Amino acid sequence: MPVPHTASVPEATTDRALRAYLHGLPGVDEVGARARAQDLSTRSIKTTAKARAIDLAVSMVDLTTLEGADTPGKVRALCAKAALPDPTDRTVPHVGAVCVYPDMVAVAVEALRGTGIGVASVATAFPAGRAPMEVKLADTRRAVADGASEIDMVIDRGAFLSGDYLKVHEEIVAVKEACGDAHLKVILETGELVTLDNVRRASHLAMRAGGDFVKTSTGKVSPAATLPVTLVMLEAVRDHHAATGRRVGVKPAGGIRTTKDALRNLVLVNETAGPEWLTPDLFRIGASSLLNDLLMQRTRLSTGTYPGPDYYTQD
Ligand SMILES: O=C[C@H](O)COP(=O)(O)O
């Protein structure tokens with residue numbers, strides 16, 4: 001699904017200006033953030049609202065396969081599931097996007113033709129991001145040329161943690177330019193950022209450099225998308241909107257496998273960034289094995305019973 005909030009390429013910044021900006025951000029109250037996330041995770045959703053929330057969650061899934069063993073056949077099967085998650089029930093919405101490695105983009109684009117579902121490609125030497133800049137840019141340009149409408153880049157965590165914010169900023173700006181019309185999600189790999197202060201700083205850095213989305217994780221590092229991390233990122237996009245008028249999306253990814261996890265995320269969005277973010281244009285859930293649980297819970301809500309374990313095709 002296209003995301004209409006694409007940023008223009010920002011003006012160049014200096015190391016000094018960036019450092020002053022990022023160190024001027026208020027610190028995160030770690031204990032308070034964890035307590036708030038815990039509190040919101042216990043909110044229950046009424047049964048009537050739950051059915052709508054499950055459909056919304058389905059429409060926000062970036063259905064993902066990022067395995068060394070991926071094949072064109074597996075990607076085609078995933079695309080079929082993305083377009084028609086439950087072949088016995090055509091009222092189930094399609095997912096937000098299909099997320100694959102760059103060499104699988106052409107296969108996914110072909111399989112999704114006519115469905116209105118976009119292809120997201122990880123790029124920039126995902127997941128570690130350890131490659132020369134020209135390789136990262138070539139990776140991005142090739143995925144876009146093959147038809148990716150969304151690029152999920154990784155930041156250079158080594159540079160970020162050693163305080164070289166300008167390098168991280170310049171890489172994001174360059175990748176944004178290489179994206180052309182494709183939307184850019186910036187993966188912070190929060191499991192490597194150590195503190196919630198760093199999560200807040202990296203979120204603001206990514207938004208300032210032109211990212212259209214901030215994304216928690218690659219799914220290859222633990223911990224991945226925890227609720228406190230997503231909370232801090234939602235606060236960052238809310239504050240960025242208040243300061244600039246631009247809405248940036250959020251994508252928690254990695255380890256989100258149950259309907260309960262997905263609905264907890266939606267409560268967090270509603271209570272933190274606000275209901276304007278409750279759309280696939282501004283909130284996605286990156287997941288390889290969440291969709292079947294959403295479909296099972298959806299069936300249970302409407303029929304009162306769970307379908308058997310073999311009822312749905314593998315995610
Ligand atoms: O971007 C999405 C993640 O790689 C998916 O992670 P997961 O396999 O834990 O759902």
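Q: How many of the five residues of strand E4 (residues 150–154) are buried?
A: This is a predicted model, in which local features need pLDDT of at least 70 and side-chain atom pairs pLDDT 80 or more, while totals for chains, interfaces and linings use all residues. Residues are numbered from 1 along each chain as its sequence is written, and side-chain values use heavy atoms, without hydrogens and water. Strand E4, a DSSP run (at least two residues for a strand E, at least four for a helix H or I, numbered from the N terminus), is largely enclosed by the rest of the structure because the number of its residues that are buried (under 20% relative accessible area, 1.4 Å probe, protein chains only) is five of the five.

Q: Which residue of E4 is the bridge partner of Ala 123?
A: Strand E3 (residues 118–123) runs parallel to E4 and is joined to it by four bridges, where pairing requires at least two DSSP bridges. Within E4, Ile 151 and Met 153 point one way, and Glu 150, Asp 152 and Val 154 the other. The partner of Ala 123 is Met 153.

Q: Which residue in E5 stands opposite Val 154?
A: E4 also pairs with strand E5 (residues 183–187), in the parallel sense and over five bridges. Opposite Val 154 in E5 stands Ile 187.

Q: How far from an oxygen atom of the ligand does a polar side-chain atom of Ser 288 lie?
A: Residues surrounding the ligand (a heavy atom within 4 Å) include Thr 218, Arg 257 and Ser 288. Among the polar contacts (N or O atoms within 3.5 Å), a backbone N or O atom of Thr 218 lies at 2.8 Å from a ligand oxygen, and a polar side-chain atom of Arg 257 at 3.1 Å. For the side chain of Ser 288, the distance is 2.5 Å.

Methods
A polar contact is a pair of N or O atoms within 3.5 Å; within protein, one must be able to donate a hydrogen and the other to accept it, and residues adjacent in sequence count only if both atoms are side-chain atoms. Buried means under 20% relative accessible area, exposed over 50%, partly exposed in between (1.4 Å probe, protein chains only).
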